[in-house]
Amino acid sequence: MAFSAIVRADEMRWGEVPDARIAFHGCPGHSSLSASDRTDLPDQVAPGVRYRDARVRYVLATQLAAQDGEDECADPPTA
């Protein structure tokens, strides 16, 4: 599965530095990646700073990678 997006903004500003994280969970195992390409926007934004003419291209992809002999999760999901 893959997801990609392009976001453009005339102006952006954050009130506080975001805590952005990506985590992949579940089984069977998986192979995944995420990447972004930014224009006029640093990797770590600063609170209160106005960024102009910014663009972010983001890609998130994952695929199942079943291991030999593993058909089910060792720990079934709980409600």
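**Figure 1. The exposed surface and overall build of the protein chain.** In this predicted model, the protein chain exposes about 6600 Å², and carbon and sulfur atoms supply 48% of that area. The chain has 79 residues, of which buried residues make up 9%. There are 3 strands and 0 helices in the protein chain, so that, read from the N terminus on, the order of its elements is β-β-β. When contacts between residues at least 6 apart in sequence are considered, 75% of them join residues that are at least 24 apart.

**Figure 2. The largest nonpolar core.** As a general background to this view, nonpolar side chains in soluble globular proteins tend to be buried together. Here the largest nonpolar core is made up of 7 residues in all, namely A9, M12, L41, V45, Y51, A54 and V56. Two or more of these residues come from strand 1, which spans 2-12, and the other element that gives two or more is strand 3. The element that gives the most to this core is strand 3, with 3 residues. Around L41, and leaving aside residues up to four places away in sequence, the residues touched are M12, W14, Y51, A54 and V56.

**Figure 3. A salt bridge between distant parts of the chain.** The side chain of R50 meets that of E11 in a salt bridge, with a distance of 3.0 Å from N to O. This pair links parts of the chain that are distant, since R50 lies in the loop between strand 2 and strand 3 while E11 lies in strand 1, and the two residues are 39 residues apart. Neither partner reaches the over 50% that would make a residue exposed: R50 has a relative accessibility of 44% and therefore counts as partly exposed, and E11, at 41%, likewise counts as partly exposed. The pair also belongs to a wider arrangement, in which E11, R50 and R52 are linked in a network of salt bridges.

**Figure 4. Two further salt bridges.** The count of salt bridges comes to 5, and this view shows two of them. In one, the side chains of R21 and D19 meet at 2.6 Å from N to O, and both R21 and D19 are exposed. In another, the side chains of D43 and R38 meet at 4.0 Å from N to O. The partners of this second pair fall into separate classes of accessibility, because D43, with a relative accessible area of 67%, is exposed, whereas R38, at 31% relative accessibility, counts as partly exposed.

**Figure 5. Two residues with a positive phi.** Most residues other than glycine have a negative phi, and this view shows two residues for which the sign is positive. D40 is not a glycine, yet it has a positive phi of about 60°; D40 is found in the loop that runs between strand 2 (30-39) and strand 3 (51-64). D53, which is not a glycine either, has a positive phi of about 50°. Unlike a loop residue, D53 has its place in strand 3, and with a relative accessible area of 54% D53 is exposed.

**Figure 6. The surroundings of S36.** S36 is a residue of strand 2, and its relative accessible area of 42% makes S36 partly exposed. If residues up to four places away in sequence are not counted, S36 touches V56, R57 and Y58. In sequence, S36 and S4 are 32 residues apart, while in space they are 9.5 Å apart from C-alpha to C-alpha.

**Figure 7. The largest pocket and its lining.** Rolling a probe the size of a water molecule over the atoms shows where empty space is left. The largest pocket in this model has a volume of about 430 Å³. It is lined by 17 residues, and those closest to its centre are A20, S36, R38, D43 and Y58. Strand 1, strand 2 and strand 3 are the elements that give two or more residues to the lining of this pocket, and strand 2 gives the most, with 4 residues. Several of these central residues have appeared in the views above: R38 and D43 meet through their side chains in a salt bridge, and S36 touches Y58.

Methods. Residues numbered from 1 in each chain as written. Predicted model: local features only at pLDDT ≥ 70, side-chain atom pairs only at ≥ 80, totals over all residues. Heavy atoms only, no water. Buried < 20%, exposed > 50% of the residue type's maximum accessible area, 1.4 Å probe, protein only. Contact = heavy atoms within 4.5 Å. Areas by Shrake-Rupley, 256 points an atom, 1.4 Å probe, with all protein chains shown as cover. Core = buried A, V, L, I, M, F, W, Y, C linked by side-chain atoms within 4.5 Å. 1 Å grid on protein atoms, 1.4 Å probe; cavity = no way out; pocket = protein on both sides within 12 Å on 5 of 7 lines; lining within 4 Å. Points joined across faces, edges and corners; volume = space filled by probe spheres on them.
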